[in-house]
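Hi,

Here is the structure I promised to send over. Have a look at it first, and then read on for my notes.

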Amino acid sequence: MGSRKNKIHGGPLVIHAHYIAAAHTYLALGAFFSALFLGCVLHYKNIVKNGVAGYPEEWFPSVSATIGDWFPERNIFQILIAITSGPRFALVFLQYFITRSTNSILPGCVFFAGIVRTLACGGWAYITSNDNHDVHDVLMILYILCNLPWMLGSIACTPLNHTQARRRRFFMSIVPMIYFFIQHKVHRIPGAYTRYSFFEWVLIILDVMFDSVAESDFRQANLQVGRAHGIALILTYVILAYIFWSIFTSLIPTIFYFSVWELAISGPELALLATLSPVLLGIAPLHAWASTLKGRVVLHILSLIGIGAYALHKPLHRLYAVTFANSCDLTFHLVMGLGLILSSLSKHANHSNNPVWPIVNEETGGWNKTGLALAVLAIYELSSRTTRSPEKDDNKKNTKEKIAKLAGTNQSLPWLTSSLALGSLLFSLHYLISDASTVITWSWTGYENGKPRGPLPNVHGSLTLIAQAVGILLPTFLHPQALLTHPAWFAYGTANAIVMYQYRNWIGYVGGLNLAVFLMSLLPPVLQQAAAAGKVGRTYFTAFFVVIILDLASIWTVAYAFVPGGIYLRERTDIVLLSQILLLSPAFRWRSSSTQSSYVTLNLRASYTQSTRLILALLSISSLLITLYRWPLVGPRPYKAGTRIFNAGIWTVHFGIDNVGRDSQRRMRDLIRRLDVVGLLETDLQRVVYGNRDLTRVITEDLGYYVDIGPGPNSHTWGAALLSKFPIINSTHHLLPSPNGELAPAIEAVLEVYGTEVTVVVAHNGQEQDPLDRELQSRELARIMARSYPQPVVFLGYVVTKPLAREPAPYDILISGGRVYDIDNQDWDRWCEYIFYRGLYRTSYARLSRGIVTDTELQIGQFVLPKHGHGVTNETEAARTLRAWKEVLPPDHVC
């Protein structure tokens with residue numbers, strides 16, 4: 001009878017506890033992140049606004065405003081959080097079931113705190129700040145207070161040491177959150193609530209993950225363990241790799257400050273040799289110590305000096321700190337693709353500046369303190385790991401044996417060729433894809449018929465990040481990974497490098513995207529080969545020596561006039577690119593397939609692989625969300641719309657580095673915010689020496705401009721850019737004749753200004769050391785301006801000439817040959833920058849002091865268009881130079 005009953009009703013229903021914990025994790029995170037996504041897309045400026053400030057000072061939404069103020073995110077969140085309550089209560093009961101004891105009342109107290117905590121969570125989730133602010137806050141405070149007995153009691157009851165360590169990390173995030181809340185609530189500092197909100201979200205995520213680590217406790221009850229530990233481990237390495245890339249990529253821009261002021265090799269360039277510090281790993285005791293957990297932790301801590309360098313006021317002191325940090329950081333050669341993607345993503349989100357670089361601080365867009373806090377959390381997580389289990393020791397032993405076998409059996413892989421490939425790969429990643437917009441600038445050619453011919457950096461940069469993610473994903477899908485070292489894959493990468501170099505616009509950019517996939521996919525096999533080659537000190541020393549040589553070569557393609565022997569690399573980006581590809585070739589299998597067996601695939605555990613894929617997906621989605629967030633809701637508008645008046649300016653901005661070695665984008669933005677048309681010179685920063693930055697990003701996104709970023713890094717100029725509040729109908733990039741000196745860029749653009757086509761020419765001539773260059777360049781610029789006669793023209797340029805100087809000086813060539821007028825021929829105190837015009841009424845002219853932004857001034861001219869369909873009625877010198885007091889002018893004419 002009993003047997004018949006079992007047949008009818010079946011056995012007991014068994015649900016593995018890890019499903020409950022996983023359901024809680026995914027439902028809770030889904031609830032919060034769906035609200036965050038919808039809130040940012042639909043009501044962004046509303047959910048970042050608070051009682052102290054709004055956008056742009058506050059830009060990160062609070063949890064309360066995100067989940068409770070707006071439809072539909074509020075409703076979707078509440079539905080998902082209601083479903084989450086079941087697994088959450090189940091976790092509390094299971095925790096009590098595992099830890100209950102007749103000898104202690106502590107498990108019962110923890111159980112009670114867990115129930116009250118869960119009810120309080122439901123209270124502040126469903127009673128929002130808009131419903132009743134006081135009740136919402138009381139329930140939130142009750143929830144936080146209940147966290148203390150719940151979490152401390154759980155730690156005390158948990159028998160597993162590694163679970164205790166993981167749970168203690170939760171409390172690390174509370175300290176900065178309280179600090180920034182006081183800064184916001186008590187001191188009422190704009191922007192403090194953004195930082196508080198950031199750590200509030202971190203606390204929520206850690207809170208969810210804290211409950212999910214109950215899976216580890218359930219192992220004692222013969223239940224399953226989930227993936228929380230794998231995600232935590234990968235996140236730790238991602239953050240540490242991000243710090244590595246941030247410190248590594250900050251060294252050359254920090255050095256460059258001194259080089260640009262001297263326009264020559266000035267001595268601090270020797271700091272670049274700090275990247276050769278891996279040679280110390282050739283000392284056996286030091287190598288053994290650096291390989292231990294303690295050694296790695298100490299080196300990580302020392303490397304944080306490079307992140308904290310932002311607080312030093314003198315550029316030389318910052319250079320010392322970054323140099324030392326590089327020496328420490330490179331001795332454990334932590335190079336991960338995920339860290340590079342996170343670095344690129346942080347730049348994409350922060351106007352192309354890495355937010356933890358020493359060249360930025362709180363005033364110039366830095367998030368240095370936040371970066372330090374995350375790094376400290378990651379190092380703490382690393383240091384709190386317990387001794388490996390026997391199973392992990394066996395896995396590590398097997399891995400070492402595989403590496404030793406690879407080193408011993410594959411005679412085609414000596415340490416020298418492995419180090420050459422590694423050095424080339426590190427340089428290529430830094431040179432081409434450490435910023436999402438670098439490969440875009442290689443393909444950019446301007447506008448045609450009112451539309452850009454190719455991708456825009458702030459719009460399409462996310463595609464580069466996705467391509468990088470795809471490259472990292474390939475090794476996790478391809479088995480064996482030896483497919484990535486097949487000569488066919490090398491041919492694929494070479495072909496795309498040629499496409500990127502040879503073609504422009506979308507075709508060239510697609511080549512760059514595929515090259516990004518290729519380079520990122522090589523990280524695992526190249527690092528494996530370097531490890532298998534042995535000779536750690538000499539391998540990594542040689543690799544970074546290759547990096548230094550390629551760094552200098554890439555700089556000298558443009559800066560050839562300022563270094564001995566640089567003329568041999570003038571405009572030879574092709575040599576640099578070819579060298580990169582050739583040096584990568586040893587990483588590929590050029591012998592018969594019989595050698596394939598000696599290539600061993602070293603795989604992470606499945607949980608780590610899945611965690612990596614999850615993090616890559618989150619990074620890719622984040623890049624798209626950043627693009628949507630930056631997407632302008634309203635197009636550019638003139639400063640004095642409808643008046644037929646526009647202001648134009650020219651400024652040589654000295655590579656975006658101010659007089660004290662900080663990024664100058666925000667100070668530039670504040671000075672030019674009233675200008676409609678701006679020519680910026682010395683702006684091509686998409687090289688390692690400048691930090692692979694986009695100098696126009698802050699201005700265009702905060703003020704709203706159409707932008708032509710000018711000739712790219714493969715054109716070998718110092719750069720020219722055009723910003724316009726008016727639509728750019730067409731634009732053409734020119735490389736002016738430069739037989740001897742540096743290459744001179746120019747942008748010729750046709751703007752639609754109040755319905756009238758106006759040609760704007762932005763140009764940077766060569767230096768006075770090359771008079772023939774300047775003469776030829778001036779004649780070409782004059783030709784460009786004269787061919788549009790009698791249409792209106794505005795010339796904004798760096799000319800290097802005295803006012804009224806006769807031929808062959810550039811001034812007379814441009815005025816006479818270009819059929820234009822000087823904006824003020826009585827201003828004798830000029831040398832570099834000039835504004836010329838034709839077919840417009842000039843109503844004002846000014847030169848603004850540079851302050852500390854750069855070593856040049858901003859020159860401004862105000863113009864009035866003639867009535868539509870008419871020209872200027874009187875172009876005599878008396879009419880053009882007629883002066884009046886600003887008090888007698890109409891209000892529209894006052895800047």
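Below is what I found in one sheet and the elements around it. Please keep in mind that this is a predicted model.

The sheet is open and has six strands, in the order β7-β8-β9-β10-β12-β11, with mixed pairing. Its edges are β7 (728–736) and β11 (821–822), each of which pairs on one side only.

Strand β9 (residues 756–764) is a good place to start: eight of its nine residues are buried. On one side, β9 pairs with β8 (residues 744–753) in the antiparallel sense, over eight bridges, and L751 has V758 in β9 as its bridge partner. The hairpin of these two strands has two residues between them, and Y754 takes a positive phi near 50° there.

β9 also runs parallel to β10, joined by six bridges. One pair to look at here is V761 and its bridge partner F795 in β10. Together with helix α31 (residues 771–786), β9 and β10 make a right-handed β-α-β unit.

Now to the β11 edge. β11 pairs with β12 (residues 833–838) in the antiparallel sense over two bridges, and Y821 stands opposite Y837 in β12. Helix α32 (residues 810–818) lies across β10 (793–798), β11 and β12, and runs at about 15° to β12.

One more helix for your list: α30 (residues 697–704) is mostly covered, with seven of its eight residues buried. Among them are R697 and E701, along with V698, I699 and L703.

Happy browsing, and do write back with any thoughts!

Best wishes

Key:
Residues numbered from 1 in each chain as written. Predicted model: local features only at pLDDT ≥ 70, side-chain atom pairs only at ≥ 80, totals over all residues. Heavy atoms only, no water. Pairing = 2+ DSSP bridges. Helix = DSSP H or I, 4+ residues; strand = E, 2+ residues; numbered from the N terminus. Contact = heavy atoms within 4.5 Å. Axes fitted to C-alpha atoms, helices over the stretch in contact; angles between N-to-C directions. Buried < 20%, exposed > 50% of the residue type's maximum accessible area, 1.4 Å probe, protein only. Right-handed = clockwise from strand over helix to strand, strands pointing away.
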